[in-house]
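Work through the exercises below with the model open. Try each task before you read its solution.

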Amino acid sequence: MRSQVRPKKHLGQHFLADDNMAKKIARCIDKSDSYLLEIGPGTGNLTKHLIDTWQDKLWLIEIDKESIEYLHKNLPALSPRIIEGDVLKLDLNTYFGGKPFSIIGNFPYNISSQILFKAIEYRSQVIEVVGMFQKEVAKRICSPPGNKDYGILSVITQAYFQTSYLFDVPPTVFIPPPCC
């Protein structure tokens, strides 16, 4: 799925553009009878690898109007389950009614910690979170006690979830590639 959406710096967008990497990430989420919420699908490059497995249990939250239009046009079967809004401000019970759900996404650096805190807020319902984080953030999330990266993000996340650093994602698979 080629992107016709311009990445917006103020939203921290870096669209996943490599199909093989998208497949690899999609395989990381465990299939269950729960719902799956993809946060920030952008142009749907990860989404298209989730559709067959999750079918009518896949929901998307996107804040970018240009991406939303693109998703409606290119993934029309998902249109009823595309939520326009800021995940940090939404009441997820509106969509899942207290039922279990998992979260997946390519999380922008500037709100990645807040997305984790949102998952913790719904911890009685959230089964699993598979996220692409900036490498330094991922290391902090998964850092064990005594490690130099261990801190408040490690403590809070690990209090409610078992964490694992799965693999590196090279900057070359994103449009635009993140720098530094």
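**Exercise 1: a surface patch**

Val 155 has 37% relative accessibility, so it counts as partly exposed (buried is under 20% relative accessible area, exposed over 50%, partly exposed in between; 1.4 Å probe, protein chains only). This is a predicted model: local features need pLDDT of at least 70, side-chain atom pairs count only at pLDDT 80 or more, and totals for chains, interfaces and linings use all residues. Residues are numbered from 1 along each chain as its sequence is written, and side-chain values use heavy atoms, with hydrogens and water left out.

Task: place Val 155 in a helix and find its nonpolar surface patch.

Solution.
- Step 1. Val 155 sits in helix H7, residues 152-160. Helices (H or I, at least four residues) and strands (E, at least two) are DSSP runs, numbered from the N terminus.
- Step 2. Tyr 150, Ile 152 and Val 155 make a nonpolar surface patch of about 270 Å². Patch residues have over 30% relative accessible area and no salt bridge; like charges are joined within 9 Å, nonpolar side chains (Val, Leu, Ile, Met, Phe, Trp, Tyr) within 5 Å. Areas come from the Shrake-Rupley method with a 1.4 Å probe; for residues, only the protein chains shown count as cover.

**Exercise 2: the sheet**

Task: in what order do the five strands of the open sheet lie?

Solution.
- Step 1. The order is S4-S3-S2-S5-S6, with parallel pairing. Two strands pair if DSSP finds at least two bridges between them.
- Step 2. S4 (82-84) and S6 (126-132) are the edges; each has a single partner strand, so one side of each lacks a neighbour in the sheet.
- Step 3. Check one pair: four bridges join S2 (residues 35-39) to S3 (residues 58-62). Leu 37 has Trp 59 in S3 as its bridge partner.

**Exercise 3: a salt-bridge network**

Task: which residues are linked with Lys 8 in a network of salt bridges?

Solution.
- Step 1. Apply the rule: a side-chain nitrogen of Lys or Arg within 4 Å of a carboxyl oxygen of Asp or Glu. The count comes to seven salt bridges.
- Step 2. Lys 8 meets Asp 64 at 3.1 Å, N to O. The two are 56 residues apart, with Asp 64 in the loop between S3 and H3 and Lys 8 in the segment before strand S1 (15-16).
- Step 3. Lys 8 also bridges Glu 66, with the closest N and O atoms 2.5 Å apart. Glu 66 is in helix H3, 58 residues from Lys 8.
- Step 4. Lys 8, Asp 64 and Glu 66 are thus the network.
- Step 5. Compare cover: Asp 64 is buried at 5%, Lys 8 is buried at 14%, and Glu 66 is partly exposed at 25%.
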